[in-house]
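Hi,

Here is the model I said I would pass on. Have a look at it first, and then read my notes below.

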Amino acid sequence: MLKRRDFLKVAGAGGAAVLAAGPFSRTTGTPTSPKEAPNMAYTAKDYGKLIGMAGFSETLLKNHFTLYQGYVTNTNKVLDALAQMAADGKTATPEYAELKRRLGWEWNGMRLHEHYFENLGGKAPLAAGGKLAKKVAESFGSVEAWEKDFRATGAMRGIGWVVLYEDTASGRLINFWVNEHDAGHPAGGRPLLVMDVFEHAFMIDYGLKRADYIEAFFKNIDWAAVESRLK
Ligand SMILES: [Fe+2]
């Protein structure tokens with residue numbers, strides 16, 4: 001690792017300019033490159049097992065997987081860029097602020113897609129009398145009332161997500177609309193069932209018939225995966 005004086009020698013005449021943007025703490029002069037931190041980069045998961053699922057074409061799913069991989073790539077890029085800016089002492093800049101705002105969008109785009117793909121691919125219906133069915137009925141009056149509200153939320157105009165959340169403070173289950181990826185999540189909520197209602201999730205197969213997509217989604221819910229997310 002280069003010491004500060006060695007770095008200046010290597011940088012030569014342009015050293016001052018390079019140093020201004022280089023990975024050194026302004027207060028200690030020691031290297032603060034985020035590359036020294038352990039590698040905690042996210043890796044895209046493989047959901048290829050969902051191909052062949054009834055009601056979802058291979059073309060739609062493969063496009064969706066590619067979009068998801070983009071969120072993973074960009075989450076890593078944003079985290080790396082923020083760490084570098086922090087190391088460079090550039091936190092009081094508009095660029096840092098805007099990138100920080102973007103992190104929630106990219107990160108949630110990544111994680112929501114993972115929940116979505118992981119609550120698909122099931123064949124068995126929701127087990128009547130099971131733990132999840134009981135909690136749904138407690139919160140909504142009946143499973144039918146919950147489902148009606150979840151589908152209605154999914155039919156709303158706009159792009160985003162429908163998420164059945166468990167309020168971990170009270171145990172109550174509530175259907176939330178999440179605008180895009182980042183607006184509308186309940187603090188401390190645990191996502192149980194996640195449905196993507198961005199147009200890319202259905203237009204290739206269903207055009208504007210969003211209700212038909214929601215019907216196909218319901219036929220493929222992995223209820224065991226959903227139930228396993230309960231607190
Ligand atoms: Fe999506």
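Let's start with helix α5, where K131 and E138 are exposed on the side opposite its buried residues (exposed means 12 or fewer other C-beta atoms within 10 Å of the residue's own, buried means 20 or more, partly exposed is in between, and C-beta atoms are placed from the backbone). Keep in mind that this is a predicted model: local features need pLDDT of at least 70, side-chain atom pairs count only at pLDDT 80 or more, and totals for chains, interfaces and linings use all residues. Residues are numbered from 1 along each chain as its sequence is written.

Which residues of α5 are buried? They are L132, V136 and F140, in a helix that spans residues 131–140 (helices are DSSP runs of H or I with at least four residues, strands are runs of E with at least two, both numbered from the N terminus). Seen down the axis of α5, these buried residues fall within an arc of 45 degrees, so they line one face of the helix (the arc is taken over directions from the helix axis to the C-beta atoms). Their cover includes α6, β2 and α9. Right after α5 comes G141, with a positive phi near 95 degrees.

Now the sheet. It is open, with three strands in the order β2-β1-β3 and antiparallel pairing (strands pair if DSSP finds at least two bridges between them). β2 and β3 are at the edges with a single partner strand each, so one side of each has no neighbour in the sheet. Seven bridges join β1 to β3, and β1 also pairs with β2 over seven bridges. D167 stands opposite G189 in β3, while V163 faces F176 in β2. Six of the eight residues of β3 are buried, so the rest of the structure largely encloses this strand.

V163 turns up again in the largest nonpolar core: among its 29 residues, W161, V163, L164, V194 and M195 touch the most other members (such a core joins buried Ala, Val, Leu, Ile, Met, Phe, Trp, Tyr and Cys through C-beta atoms within 7 Å). β1 gives the most to this core, with five residues.

Finally, confidence: pLDDT (the predictor's confidence in each residue, from 0 to 100) averages 88, and 84% of the residues score at least 70. Over residues 1–31, though, pLDDT stays under 50. Where pLDDT is low, the predicted coordinates should not be read in detail.

Cheers

Key
Contact = placed C-beta atoms within 7 Å.
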